Amino acid sequence: MSTIPSTNQGPFRTPQQIADRRALASHTSPSVSMFSRMLFRAAVLRRGRAASALLAMVVAAAVATAMMNLYVDVQAKLRTEFRNYGANVVIVAKDGQSLPTDALARIESTLGAKALAVPFAYAVARVAGGQSEGQSVVVVGTDFTRARQVNHWWKVSRWPDAQNQALIGMKAASVVSPNRQPFELTFQGKTIQLTPIGLLQTGAAEDSRVYLDQPDFQNWTGVAPTTVEVAASGTAADVAASIHDLGQALPSAEVRPIRQIMEGEANVLNKTRATLYASAALVILTSAIGVLATLMGWVFDRRRDFAIMKALGASERMVNGFFAAEAAALGVVGAILGFALGIGVAAWIGRVNFHAPVVPRFSVFPYVLVGSIIVALMAAIFPIAMLRRVQPAIILRGE
Amino acid sequence: MFPRLVYESFRHQPRRKLLAGIAITLGVAVATAMIAVATDIGDKINRELRSYGANLIVAPQEDTLDVEIGGVNLKPPSDGAFLSETDLPKIRGTFWHNNIVGFSPMLPVTVKAGSGENIQDVTLVGTYFNKQLTFGKQDFATGVKITHPWWKVEGNWPNDNSQDVLLGQRLAAKLDKKTGDVLPLDGRLLTISGILSTGAAEDDQIVAPLALAQQILGKPGAVRRVYVSALTKPQDALAVQDPRTMTPEVRDRWYCSPYVQSIAYQLQEVIPHSHAEQIRQVAQNEGTVLSRIQGLMLLVTLAALLASALAVSAAMATSVFERRVEVGLMKALGAGSLAVSTIFFAEALLLALVGGIAGFSAGAFLAHQIGSSIFNSQISIQPVLFPIILTIAVFVTFAGSAAAIRRAVRFDPVFALRGEG
């Protein structure tokens, strides 16, 4: 706007002044500055119509942004939910061996912070004393802090926190310690006295076992962990890569996916993604139609501007360019405002539904921008094509 | 006069009506499809969640401890109590039998497999693969193919009435056997119909038809435990209450809700001397996943309804606004604001009805397509949705036109006719 002659500065209030200004501008400087000025004045002078067109654009861009953001982010959010199903990879020592002592450290350095690993060591002990004297029971040594993080579904009355405290499965409890009194177990002639501090209920094999903290277990039995369960996060490809890396890091062990968990997750996730994809496509299409309807009305409504420009000798290209630029400008402004709004909506949905914020995806912006401009241009092209065939005189006569 | 005005308006301005009509049809179609999908998504995802396998386990009441590490059973096989196979079809007679997707009995037996030097102590598990059963008048098939969908078989699944077995893939490597080979097992010769891969304990086991495991064990009709896969409702405060302490009305409500707890209770009722329990790893998590996905679809549906409403009202506003000259002419000829508005609203009503009906059919088709392409099953559209959708369509169309009609009616006819709109 810096090229405006000084005599023409200041607001124009009466229609006469506006007309003078228009005439002056088109005579003195048929340049880029006039072009941009026309764009700007058109928006200011027809505030109502321009605002409603912009509103439609903003809403559509916001909805599109929110949907695309959700589509990308929801899969990550759902994967986090699926990790509540526990480990998806298991590392087992090859026959008769135990895992290297630094196995856990190697696993963690391989996978970094994106995975949780729980070690398990197994032994079969016998009950010493009481009514079930001599009965066999499976005793497991593990790391309670880690087990608690991975196995969310374990229903535990109280987690052990001191030495020689045991977590006993519901079924095991009735055998080893029916009245929750301290009990003794023997393994290869060595006896240990344990306090049953908590009860464990899972509905699966864990109910028949007694869980000890790994140091207690190893002092007593001398058995090192033979199994590590890993909850690896990320996409199916990420997990496959993790399995490969773990295999390299622990050549003496067998690393395999837990298919029940992996396939269940893949199945539910794929269906959800497909549904979300279809819904997002429908919603974006609908909002594009809404924008198209509003903008076409807006451009069509300005047929008089179109006719005046042509009557004043503007070339076809110039007029088309003007309308196209106007539509594109609307698309850009709408896309920027809509993007900001859409990010907000997506964040809100994330908080309401997943209780975690949705990270704004700025990579979505180019799509929203290009989409908005294309829709805006389409909305401009149809009315122009229709008007091109009409003589300016007929439009100006109001027919 | 009035009907003619409306009729002629549609006849002479097909382009303007077309845009509004398309917007209404599309908006209604999207709204219908999204509502249908959102109301059905819970059921669909619930079924998909069954791919995690059984969520209930039924065992004998006086069950003894399992002494099992990594799929190898270390306990004498004849030990402990059993359930009776003849009681199993009664699972189809429970209150929520329609929610029970399938069940598989399991009977582990310790056997010696292999020949010559290479003899291994292994666990053989007897189960149903795809067993045909009858309860009352209904025939149904059930087995691990339904309850354990992640089991992959290279070769063929054995017939439930045959003496063929599946060999776990790691055990097959140890015994050096492949599909079609004969496996010597405790003096019997069994044909290996396929190699089983599960990624779990079964990879080290032999899986056989239940009847064969019972013969080996010498206990006809014996079953150690039963895995049941059921469609359940996410757990809430009522679900976790103890049925013994409930008042009769609360207990009825609890009994008649498909909670995993109430289904377990009903399984215990039909199978004598049994104890049914949820498998917490599967049962506890499905509720969260389900409610997250349902909540998400609800919000997306709201977005779809908003977008549809905006598209419809934008199209209506545009189509009314374009006709200010007409309004000016009518008013100049002496028509009152009421008469003009009535004409416009009548047109809007007509558009909304036609677009609504077309959109509802298109939306039903869309929902059907989504159901069959994503979930391989029908998404049913409730007939009650039709009047609701139509009412919403008319309401949104009216709301969209109202502001534009008001502005058009208020506009001075002189300006309109001079073309200075």
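1. Let's start with K44(B), which you'll find in helix α2 of chain B, the stretch covering residues 14-49. Keep in mind as you read that this is a predicted model. Is K44(B) buried or exposed? K44(B) has a relative accessible area of 7%, and because the cut-off for buried is under 20%, K44(B) counts as buried. If you skip residues up to four places away in sequence, K44(B) touches F375(B), S377(B), Q378(B) and I379(B).

2. Now look at G371(B), which sits in helix α10 of chain B, residues 337-375. G371(B) is buried too, with a relative accessible area of 0%. Setting aside neighbours within four places in sequence, G371(B) is in contact with N376(B), S377(B) and I379(B). You've met two of those names already: S377(B) and I379(B) are also touched by K44(B). For a sense of distance, try V282(B): G371(B) and V282(B) are 89 residues apart in sequence, and their C-alpha atoms are 25 Å apart in space.

3. Over to chain A, which has 13 helices and 10 strands. Of its 399 residues, 49% count as buried. How much of the contact in chain A links residues 24 or more positions apart? Among contacts with a separation of 6 or more, such pairs account for 78%.

4. T227(A) makes a handy example from chain A. T227(A) lies in strand β9, residues 227-232, and is buried, with a relative accessible area of 11%. Beyond the neighbours within four places in sequence, T227(A) is in contact with several residues, including V90(A), I91(A), V92(A) and L99(A). The list also takes in V118(A), P119(A), F120(A) and Y122(A).

5. Next, the nonpolar cores. In soluble globular proteins, nonpolar side chains tend to end up buried together. Which members of the largest nonpolar core here touch the most other members? Out of 65 residues, they are F82(A), W154(A), L167(A), Y211(A), I45(B) and L49(B). Helix α8 of chain B (residues 280-321) gives the largest share of this core, 10 residues. Another core lies apart from this one; it has 46 residues, among them I91(B), F103(B), I206(B) and A276(B).

6. Y211(A) deserves its own look. Not counting neighbours within four places in sequence, Y211(A) is in contact with W154(A) and L167(A), as well as F120(A), V140(A), T142(A) and F144(A), among others. Q165(A), A166(A), L200(A) and E206(A) are in contact with Y211(A) too.

7. How do the two chains meet? The contact takes 68 residues from chain A and 71 from chain B. Together the chains bury about 6,200 Å², with 65% of that on carbon and sulfur atoms. Y85(A), R259(A) and Q260(A) supply 12% of the area that chain A buries against chain B, more than any other three residues.

8. Finally, the polar side of that interface. The rule finds 15 residue pairs in polar contact across the interface of chain A and chain B, both residues being at pLDDT 80 or more. It also finds 4 salt bridges across this interface. The side chains of E81(A) and R292(B) meet in a salt bridge, at 2.9 Å from N to O. Which element gives the largest share of the side of chain A that touches chain B? That's α9(A), with 27 residues. The residues on this side of chain A divide into 32 nonpolar, 20 polar and 16 charged.

Definitions and conventions
Residues are numbered from 1 along each chain as its sequence is written. Chains are lettered from A and ligands numbered from 1 in the order in which they are written. This is a predicted model: local features need pLDDT of at least 70, side-chain atom pairs count only at pLDDT 80 or more; totals for chains, interfaces and linings use all residues. Side-chain values use heavy atoms; hydrogens and water are left out. Helices (H or I, at least four residues) and strands (E, at least two) are DSSP runs, numbered from the N terminus. Buried means under 20% relative accessible area, exposed over 50%, partly exposed in between (1.4 Å probe, protein chains only). Contact means heavy atoms within 4.5 Å. A nonpolar core is a set of buried Ala, Val, Leu, Ile, Met, Phe, Trp, Tyr and Cys residues joined through side-chain atoms within 4.5 Å. Buried area is the accessible area (1.4 Å probe) that two parts lose on being put together, summed over both. A polar contact is a pair of N or O atoms within 3.5 Å; within protein, one must be able to donate a hydrogen and the other to accept it, and residues adjacent in sequence count only if both atoms are side-chain atoms. Ala, Val, Leu, Ile, Met, Phe, Trp, Tyr, Cys and Pro count as nonpolar, Asp, Glu, Lys and Arg as charged, and the others, Gly among them, as polar.
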